[in-house]
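This briefing is meant for a reader meeting the structure for the first time. It begins with the chain as a whole and then turns to its interior and its aromatic rings.

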Amino acid sequence: MDQRRFARLYMWSIVVFGSVITVLTFSQLPFEQLDLRFLLLALLAEAEQLAGRPEEALRLLDDALAQANRSGERYFEAEFHRLKGESLLAVSPPQAAQAEAAFTTAIAVARRQGAKLLEDRAAASLGRLRTSRRAQSAR
């Protein structure tokens, strides 16, 4: 199965069966043997967060960053940091300072890689955090 078809199948399964079932199914795959392991880890982490399990998302993202460091595969590094920031905001209590640092790291990594879309995604996340902080301090 080619990578594009596998990614479409994964996204379709999230929509049809729900993120919880999909995460439980796909988390059993041997990521070390898949070319798409970094994409899948990002998708799994995002699904965990959306399913209300930000701690599990953080665990997956820490694993993904460690694997990226070991392998030298940096393609999804900026997105891992952005998702880590989003997950840090979703834990209770929210870790806003750590989330801001993760977003800032994501922006720096994306700029270094010339990945404008990932830079914009991280900048949007950072902007939402800062807007939320301003709104809270105005109250």
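In this predicted model, buried residues account for 41% of the 139 residues in the protein chain. The secondary structure of the chain consists of seven helices and zero strands, and the points below move from that overall picture to the nonpolar cores and then to the paired rings.

**Overall build**

- Read from the N terminus on, the elements of the protein chain follow the order α-α-α-α-α-α-α.
- When contacts in the protein chain between residues at least 6 apart in sequence are taken together, 54% of them join residues that are at least 24 apart.
- The protein chain has an accessible surface of about 8100 Å², and carbon and sulfur atoms contribute 55% of that surface.

**Nonpolar cores**

- The largest nonpolar core holds 14 residues, and within this core the residues that touch the most other members are F38, L41, A45, L60, L61 and F80.
- Three helices, namely α3 (37-50), α4 (54-71) and α5 (77-90), each supply at least two residues of this largest core.
- Of the helices that contribute, α4 gives the most to this core, with six residues.
- Another core lies apart from the largest one and has 10 residues, among them L58, L88, V91 and A99.

**Aromatic rings**

- The count of aromatic pairs in the model comes to two.
- One of these pairs is formed by F38 and F80, whose rings are tilted, with 6.3 Å from centre to centre and 50° between the planes.
- Because F38 lies in helix α3 and F80 in helix α5, this pair ties together parts of the chain that are 42 residues apart in sequence.
- Both F38 and F80 are buried, and each of them also appears among the residues that touch the most other members of the largest nonpolar core.
- F76 and F80 form an aromatic pair that is likewise described as tilted, with 6.3 Å from centre to centre and 40° between the planes.
- Taken together, the ring pairs link F38, F76 and F80 into a cluster.

**A closer look at F80**

- Why is F80 counted as buried? The relative accessible area of F80 is 1%, and a residue is called buried when this value is under 20%.
- F80 takes part in a ring pair with F38 and in a ring pair with F76.

Conventions: Residues are numbered from 1 along each chain as its sequence is written. This is a predicted model: local features need pLDDT of at least 70, side-chain atom pairs count only at pLDDT 80 or more; totals for chains, interfaces and linings use all residues. Side-chain values use heavy atoms; hydrogens and water are left out. A nonpolar core is a set of buried Ala, Val, Leu, Ile, Met, Phe, Trp, Tyr and Cys residues joined through side-chain atoms within 4.5 Å. Buried means under 20% relative accessible area, exposed over 50%, partly exposed in between (1.4 Å probe, protein chains only). Helices (H or I, at least four residues) and strands (E, at least two) are DSSP runs, numbered from the N terminus. Contact means heavy atoms within 4.5 Å. Accessible areas come from the Shrake-Rupley method with a 1.4 Å probe; for residues, only the protein chains shown count as cover. Rings of Phe, Tyr and Trp (its six-membered ring) pair if their centres lie within 6.5 Å; planes under 30 degrees apart count as stacked, over 60 as edge-to-face and the rest as tilted.
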